[in-house]
Amino acid sequence: MTIIHENDVEEVSHPGRFMRWLANEDSLKAKNLSVCVIRVLPGETVRPAHSHPNSEELIYIINGSGKVMIENEVGDVKTGSAILFEQGKIHMLKNTGDTEMKVICFFAPATNIDNYKTFDDITFPE
C-alpha cells in the first residue's frame, strides 16, 4: 500500500524552510510527480530565489500568510491560496505573518532539490 505520514519522513533544513519529501525517489515512489511539505517560520523567506528548469510547481498554502514573488512580481498569499510556478520562472516565498506557514508543493514531472536552479543575487523585493 502506498500510504505515508509526513511525520515518518525526515525533515531537512534548507535556507528559510524545513522540508519533508512525501513523494520522491526515497519515499512514495511516484513516477510522474514529486511532493514535499515545507514549514516557513514567521519572518523567513525561502531562499535563494530559484526556478525549476525541468518541472512546473504548484504550491498550496495549508496554513499561514505571506507574499510570493514570481519573476519580480509580488502577490499576497494566505491559507487556501494555490500558486503556480511555471517551468523556468524564478520565484520566492516569504512568511509575513506571525504564525508558521505550512505549504504543500507539487512538482510535475518529478524533481528534487538537486534540480533547482538557484539565483543567489536575487532578493525578495521589499
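User: Which residue in β3 stands opposite F18?

Analyst: The model is predicted, so to speak of local features a pLDDT of at least 70 is needed and side-chain atom pairs count only at pLDDT 80 or more, whereas totals for chains, interfaces and linings use all residues. Residues are numbered from 1 along each chain as its sequence is written, and side-chain values use heavy atoms, with hydrogens and water left out. Strands are DSSP runs (E, at least two residues) numbered from the N terminus, and β2 and β3 run antiparallel, joined by 5 bridges. The residue of β3 that stands opposite F18 is R39.

User: Which strands are the edge strands of the open sheet?

Analyst: Two strands count as paired if DSSP finds at least two bridges between them. The open sheet has 6 strands in the order β1-β2-β3-β10-β5-β8, with antiparallel pairing. Pairing on one side only marks the edge strands, which are β1 (12-14) and β8.

User: Which strand gives the most to the largest nonpolar core?

Analyst: A nonpolar core is a set of buried Ala, Val, Leu, Ile, Met, Phe, Trp, Tyr and Cys residues joined through side-chain atoms within 4.5 Å, and the largest one here has 18 residues, of which I38, I59, L93 and V103 touch the most other members. At least two residues of this core come from each of β2 (17-23), β3 (34-40), β5 (56-63), β8 (82-85) and β10 (101-108). V103 is in contact (heavy atoms within 4.5 Å) with C36, V37, I38, I59, Y60, I61, I62 and L93, leaving aside neighbours within four places in sequence. With 4 residues, the strand that gives the most to this core is β10.

User: Is K94 buried or exposed?

Analyst: K94 is found in strand β9 (residues 91-95), and, not counting residues up to four places away in sequence, K94 touches E44, T45, S65, G66, K67, M101, F124 and E126. Buried means under 20% relative accessible area, exposed over 50% and partly exposed in between, for a 1.4 Å probe and protein chains only. Because its relative accessibility is 16%, K94 counts as buried.

User: What volume does the largest pocket have?

Analyst: A pocket is an open set of points on a 1 Å grid over the protein atoms alone, where a 1.4 Å probe fits, with protein on both sides within 12 Å along at least five of seven lines, and lining residues have an atom within 4 Å of a point. The largest pocket is lined by 14 residues, with E10, V12, W21, N24 and D26 nearest its centre, and β2 gives the most to this lining, with 3 residues. Taken as the space filled by probe spheres set on the points, the volume of the largest pocket is about 260 Å³.
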